Amino acid sequence: DLELDLQRCQQLSVTVLTDHQDLSNTELKTITNSTAPQQYRIRAKLRTYKPQKLHQSIKLHCSKCNSLQEVPYGDDFDLILRGSANAAPNPELHNTSWYESVTWTTQDEKQREIAIHFVKHDEMLKHPEDTLLMIEGGTLKEIWKLTKKFKCVIPVRSTEDDLELLDLSAPFLLQGNVKYYGCKKCSTPKPIKNLSSIASEQQPSWEPTEIAQVLGIELLQYVFIMKFTLVDETGSLNAYLFDY
């Protein structure tokens, strides 16, 4: 458990970073007065680390504009879904040449209309675990149920002319328990019908990078970020961990 390990490191009087065994120890003051890049081996205490909660270390990174974003909470996604559910699915957009549509009305008080559009390909009925579908009017709970059976789920809403993605504050794609987000600044969403180019393949892989590309989405990547403050008798140094 990394969090416990970090707490133990704080409790120890000295932490030794064991990389670069061929190098002698360098004082932190020397490092801060040097130009990067350099390789050093240090002997220092761990004064603090941030964030304190490990789940806060996970961010979303855009490799195009190099921005970092917080991972949205599930409640935010649920609010966006509920907002889109206020508009009924457009029946004129059902059952096209590249997807089949199924609709029903929920039995709850709101009697929501839900539409699921199954993207067609040869193995759609034989292997649902390889199928991509789009859903209109579904709640977060209903979408998670679908992700357990089907490979890809894309939340959409109806316009007069076509289906479209929801606000990019919401994930544009869900696979299993992973939510994929797009960069609001760098994305230029394209028509949903562009997915038909992947569906026409013999065995669509439905890879998130490929789906993002045809939909004009700049895919955000999950990254792990932490900040450590190290000290010795000569000074302090902030060390940053950044990894995919």
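Which backbone oxygen does the side chain of Gln107 reach? In this predicted model, where local features need pLDDT of at least 70, side-chain atom pairs count only at pLDDT 80 or more, and totals for chains, interfaces and linings use all residues, that partner is the backbone oxygen of Thr105, at 3.4 Å. Residues are numbered from 1 along each chain as its sequence is written, and side-chain values use heavy atoms, with hydrogens and water left out. The Gln107 contact is a polar one, meaning a pair of N or O atoms within 3.5 Å; within protein, one atom must be able to donate a hydrogen and the other to accept it, and residues adjacent in sequence count only if both atoms are side-chain atoms. Gln107 itself sits in the loop between strand 5 (99-105) and strand 6 (113-119). With a relative accessibility of 77%, Gln107 is exposed (over 50% relative accessible area, against under 20% for buried and in between for partly exposed; 1.4 Å probe, protein chains only).

Stepping back to the whole chain, there are 6 helices and 13 strands, taken as DSSP runs (H or I, at least four residues, for helices; E, at least two, for strands) and numbered from the N terminus. Of the 244 residues, 40% are buried. Contacts (heavy atoms within 4.5 Å) often span a good stretch of sequence: of those with a separation of 6 or more, 53% join residues 24 or more positions apart. About 14500 Å² of the chain is exposed, and carbon and sulfur atoms supply 49% of that area. Accessible areas come from the Shrake-Rupley method with a 1.4 Å probe, and for residues only the protein chains shown count as cover.

Ser57 is also a loop residue, placed between strand 2 (43-50) and strand 3 (58-61). Its relative accessible area is 0%, so Ser57 counts as buried. Leaving aside residues up to four places away in sequence, Ser57 touches Pro51 as well as Val223, Phe224, Ile225 and Met226.

Charged pairs come next. The structure contains 5 salt bridges, each a side-chain nitrogen of Lys or Arg within 4 Å of a carboxyl oxygen of Asp or Glu. One of them joins Arg82 to Asp78, at 3.1 Å from N to O. These two residues are 4 apart in helix 3 (residues 74-84), which means that about one helical turn separates them. Arg82 is partly exposed at 44% relative accessibility, while Asp78 is buried at 17%.

Another salt bridge pairs Arg112 with Glu142, whose closest N and O atoms are 2.8 Å apart. Arg112 belongs to the loop between strand 5 and strand 6 and Glu142 to helix 4 (residues 140-147), so this pair ties together parts 30 residues apart in sequence. Arg112 is buried, at 14% relative accessible area, and Glu142 is partly exposed, at 24%.

Lys184 and Asp167 form a further salt bridge, with 3.8 Å between the closest N and O atoms. This pair links distant parts of the chain, 17 residues apart: Lys184 is in the loop between strand 11 (178-180) and helix 5 (196-199), and Asp167 is in the loop between strand 9 (163-165) and strand 10 (173-175). Lys184 is exposed at 51% relative accessibility, whereas Asp167 is partly exposed at 37%.

Finally, the rings. There are 3 aromatic pairs in the structure, counted when rings of Phe, Tyr and Trp (its six-membered ring) have centres within 6.5 Å; planes under 30 degrees apart are stacked, over 60 edge-to-face and the rest tilted. Among them is the edge-to-face pair of Phe242 and Tyr244, 5.8 Å centre to centre with 85° between the planes. Phe242 is partly exposed, at 40% relative accessibility, and Tyr244 is exposed, at 53%.
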